[in-house]
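Student: I'm new to this, so please pick one part and take me through it closely. Start from the basic terms and then show me what lies around it.

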Amino acid sequence: VILTGERLLDSDGTLVTRHALRIDDGVIREVAPYAELRARYPAEPVLDWGEVVLVPGLVNGHAHSFQSLLRGFGDDLDFFAWRDRVLYPSAAWLTPEDMETGALWAFAEMLRAGITTVAEFFYIHDEGNENSLRIIGAARRLGIRMLFGRALYTGNRAPRRYREDPKDALARLDGLVRSTHDTRIVVAPAPHSLHAASEEAIASAAEWARAHGTVYTMHVAEGRYEVEELAARTGLAPAAYLEALGALGPEAVLVHGVHLSTADLDRIAVRGAKIVHNPGANAFLGDGIAPLRALLARNIPTCLGTDGGCTNNRLSLLDEMRLAVLLQRALHEDGSLVGAPTAFEMATATAGEVFGLPVGRLRAGYRADVVGLALDDLSLLASPNLLSSVVYAAGASAVRHVMVEGEAVVADRRVVHLDVDELRERIRSALARAGVPNGQMAL
Ligand SMILES: [Zn+2]
């Protein structure tokens, strides 16, 4: 098919008029002026999205999809109160079907906001793969691309349902790889965090990632307490600790990195590890602001994530791009910091590189993950600087069409494979079982 629209804006800021993508088998084969492609492939069907700017699908570098079901539960609590009064108790009632419901909800909202790839981080395993397969099933149903991070959780403070022996967890990860044959789904290990994954879990996950040519992803230095606890236990800072475990190479995708020191950042840069910055969630939970200016100064590949639907509470990379810039400017009292082109690249091409996926660019050889932003949306109307308006002005209302691997997943602002009534009923029944009548929660 030949996909065209009024404008085309690539991750590097290239902006052209009436260009088109020739897409075959879910892959972009050529990008050229529409008239030229039309003349060369007269028999090829044309998909004309009209008054839109085509941009690469946005990549959400960190999410916990089941947490959408906890949205609104304790939104004004601090991190520990939220964890102990909302997150951990939810393990008493969440069924596999509920987790699938949360995933359908989260992925639908992401698609609606122009996210075509999500790095899911999932840790309620009940010592098996059934729950993971529910999440993967939800992604397949809606058509979103996913890097599925299967957690290795060894900490003993959390609910029993999270915990596994690292060897069992990796064996189950192998099982998931064998049972997942889908070009849109990649499975990867995800040791939970510095405080809830053992040394064995972290080292073996990194080794597994290297052996399989993929990445591992892990929460690192989200809260100040984690760094203090690690120092008390090992005498080491986060990056030095990971380095000592042989887990600080290009396969390491470290999530958050709010409380990293200059020495940590230097080590991460030298070793080629990567960062997922979650400005909205970090601010929502009062964890702080990650040192984005310093990460960029060291050329550490950094992408953006939303984190869970109950710690943000939006699931939109359009919001995260904007927040990433604004928070650095507020923090450093400098209105020229970061800039729209850098934020746009973080949400697209850099994210593809972070996860080793052929996404994030509208270029031959990349997967056909494309978003059409409506040029008649009031936020983009006659914009003299489209890239800047996409980053600072546009919201999910501007997202008109979304394609993943050449397939329409959002058409005219409707999530194609979502039944909203069914989803509403599923959410209601899950919350009723959780003892939340009429969706009203009292804490
Ligand atoms: Zn997280």
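Tutor: Happy to! Helices (H or I, at least four residues) and strands (E, at least two) are DSSP runs, numbered from the N terminus. With that in hand, let's start at Ser 389, which lies in helix H15, residues 386–392. This is a predicted model, where local features need pLDDT of at least 70, side-chain atom pairs count only at pLDDT 80 or more, and totals for chains, interfaces and linings use all residues. Residues are numbered from 1 along each chain as its sequence is written, and side-chain values use heavy atoms, with hydrogens and water left out.

Ser 389 counts as buried because its relative accessible area is 15% (buried is under 20%, exposed over 50%, partly exposed in between, with a 1.4 Å probe and protein chains only). Leaving aside residues up to four places away in sequence, Ser 389 touches Ser 379, Leu 380, Ser 383 and Ala 394 (contact means heavy atoms within 4.5 Å). Ser 379 sits ten residues from Ser 389 along the chain, and their C-alpha atoms are separated by 7.1 Å.

Let's move on to the zinc ion. Its protein donors are the NE2 atoms of His 62, His 64 and His 219, at 2.0 to 2.2 Å (donors are N, O and S atoms within 2.8 Å of the metal, or 3.2 Å for Na, K and Ca; water is not among the atoms, so sites may look incomplete). Along the sequence, these residues follow the spacing H-x1-H-x154-H. His 62 belongs to strand E8 (residues 58–63) and His 219 to strand E12 (residues 216–220), so this pair ties together parts 157 residues apart in sequence. Both His 62 and His 219 are buried.

Now for the nonpolar interior. The largest nonpolar core has 120 residues, and Phe 107, Leu 242 and Leu 254 have the most contacts inside it (such a core is a set of buried Ala, Val, Leu, Ile, Met, Phe, Trp, Tyr and Cys residues joined through side-chain atoms within 4.5 Å). Helix H3 gives the most to this core, with eight residues. Among the residues that Leu 242 touches, beyond four places away in sequence, are Leu 194, Tyr 216, Met 218, Val 220 and Leu 254. Apart from this core lies another, of 14 residues, among them Leu 147, Ala 188, Val 276 and Ala 351.

Back in H3, Phe 107 is one of the residues that meet H4, along with others including Leu 104 and Leu 111; on the H4 side, Ile 135 and Leu 142 are among the partners.
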